[in-house]
Amino acid sequence: MKRACCPHQMELADYEAIHSELSEIYRLRDAATLPAVMLEAIRRLIPCVFCTYNYLNHFTGAVAVAYHPVEWQPAMEKIMPLMAPHLGSHPVYRHVYEKGDGSPHFVSDFVGEEEWSRTPFASALETIGIAESLIFCLRTSGQELIFIALNRAERSFTERDREVAACLREHLTASFENAAAFTEVRALALLSTRALEESSHGVVLVNGEGNILHANARAGDLLQRFFAKDSSWKAVLPETVRAWLRRQHGASTLPAEAMQIEAEGSLLLIRSAALEDNRFIILLQESNLERKAFRLRELGLSKREAEVLHWVGESKSNFEIGKILGISSRTVGKHLEMIFKKIGVDTRTAAALRAKVASPD
């Protein structure tokens with residue numbers, strides 16, 4: 001079984017501390033309330049003066065920020081106009097844009113103290129008493145950047161802090177993806193019960209043993225098609241899904257990522273979230289990979305290049321695409337270099353747009 005990260009400085013107590021936070025991190029919440037929970041957990045695990053959750057949409061220009069403690073919001077909003085125009089030149093963010101690497105980094109990974117001191121970021125942060133930041137991303141796509149920044153008054157972050165952040169990042173990313181998916185379903189439910197029943201998403205309510213308490217029509221169809229050999233699915237979840245659900249909500253150090261099932265050119269993503277009274281809600285989402293990849297191949301791409309471009313269009317990072325396709329993130333990068341040349345673009349954002357236009361949902 002793959003571990004969430006490779007320990008160097010972390011100790012058993014660090015893993016136990018992270019695990020103690022997971023029940024709250026993975027509790028069913030919408031995308032609006034999750035950031036506050038994330039930031040509280042982060043500060044308990046990696047002490048800092050304050051930390052922020054930051055959302056940037058490159059297409060619309062939308063920006064959203066959450067702070068913990070919230071008392072730091074006025075100070076940060078006062079200096080943001082000094083930093084925002086230069087965000088693309090920030091050493092960490094520049095690395096993210098160029099490499100798609102959202103793993104935890106310090107500014108000192110890329111520039112020396114003297115060079116950093118001459119930037120608008122250092123001078124602005126100095127006015128509020130901040131000397132160092134630890135930054136990692138939850139989403140790095142052509143359209144969106146979602147990152148978390150931990151801030152201290154002295155240069156005291158350690159490799160242990162980086163490794164805790166790396167382990168925690170995988171769980172936070174999985175929790176964020178779950179919240180985003182379930183927020184969409186919750187919106188449908190608010191419209192009407194009929195909308196939920198007719199949704200393109202499959203929704204299943206189960207108890208702790210995996211017994212199905214309710215499933216909408218779409219869920220029944222997806223379970224029948226993807227688990228046709230499991231004749232008992234109408235009463236309980238298929239055994240493979242039950243085993244996955246136990247791992248998601250049991251004593252595991254692995255992130256609660258979506259389960260992926262491929263069949264006949266389609267991909268089924270399965271997510272879960274805990275409710276009260278030992279009940280769980282299961283979300284089933286289908287993506288027709290073969291159809292979309294076929295359309296993208298008309299751009300002159302190979303089958304693998306079409307698959308990579310498809311996932312770029314779905315806002316996946318190189319690391320995430322590599323996991324989905326079973327290849328390294330470096331190989332994904334090589335495919336992207338060839339894709340850029342073939343479709344005549346220079347940036348990931350332009351490639352994602354081309355994918356959306358060539359293969360609309």
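Colleague: What makes helix α13 largely enclosed by the rest of the structure?

Modeller: Six of the eight residues of α13 are buried, so the helix is largely enclosed; buried means under 20% relative accessible area, exposed means over 50%, and partly exposed lies in between, with a 1.4 Å probe and protein chains only. The buried residues are N318, E320, I321, G322, I324 and L325, and α13 is followed by G326, whose phi is positive, near 75°. This is a predicted model, in which local features need pLDDT of at least 70 and side-chain atom pairs count only at pLDDT 80 or more, while totals for chains, interfaces and linings use all residues. Residues are numbered from 1 along each chain as its sequence is written, and side-chain values use heavy atoms, with hydrogens and water left out.

Colleague: Why are α12 and α13 called oblique to each other?

Modeller: Helix α12 (residues 303-313) and helix α13 (residues 318-325) pack at an angle of about 130°, and their axes are 10 Å apart. Angles under 35 degrees count as roughly parallel, over 145 as roughly antiparallel, 65 to 115 as roughly perpendicular, and the rest as oblique; the angle of about 130° falls in that rest, and α12 and α13 are therefore oblique. The crossing of these two helices is right-handed.

Colleague: Which residues make the contact between α12 and α13, and what is their character?

Modeller: From α12 come R304, E307, V308, W311 and V312, and from α13 come I321, I324 and L325, where contact means heavy atoms within 4.5 Å. These residues divide into six nonpolar, no polar and two charged.

Colleague: How do you know that R27 and E24 form a salt bridge?

Modeller: A salt bridge is a side-chain nitrogen of Lys or Arg within 4 Å of a carboxyl oxygen of Asp or Glu, and the N to O distance between R27 and E24 is 3.3 Å, which meets that limit. Both residues count as partly exposed, with relative accessible areas of 30% for R27 and 32% for E24. A search of the whole structure finds 21 salt bridges.

Colleague: What makes E113 and R155 a salt bridge that links distant parts of the chain?

Modeller: Their N to O distance is 3.9 Å, still within the limit, and the two residues are 42 residues apart, with E113 in helix α5 (residues 113-117) and R155 in the loop between β5 (144-152) and α7 (159-191). At 54% relative accessible area E113 is exposed, whereas R155, at 39%, is partly exposed.

Colleague: Why is D161 called buried although D161 forms a salt bridge with R160?

Modeller: The label depends on accessibility, and D161 has 3% relative accessibility, so D161 counts as buried. Its partner R160 is partly exposed at 24%, and the closest N and O atoms of the pair are 3.1 Å apart. Salt bridges that share partners join D14, R152, R160 and D161 into one network.

Colleague: How do you know that V241 is buried, and which residues does V241 touch?

Modeller: V241 has a relative accessible area of 1%, so V241 counts as buried. This residue lies in helix α10 (residues 239-249) and touches F227, M259 and I270, not counting residues up to four places away in sequence. V241 and G210 are 31 residues apart in sequence and 8.5 Å apart in space, C-alpha to C-alpha.

Key
Axes are lines fitted to C-alpha atoms, for helices over the stretch in contact, and angles run from 0 to 180 degrees between N-to-C directions. Helices (H or I, at least four residues) and strands (E, at least two) are DSSP runs, numbered from the N terminus. A crossing is left-handed if the near helix is turned anticlockwise from the far one by less than a right angle, and right-handed if clockwise. Ala, Val, Leu, Ile, Met, Phe, Trp, Tyr, Cys and Pro count as nonpolar, Asp, Glu, Lys and Arg as charged, and the others, Gly among them, as polar.
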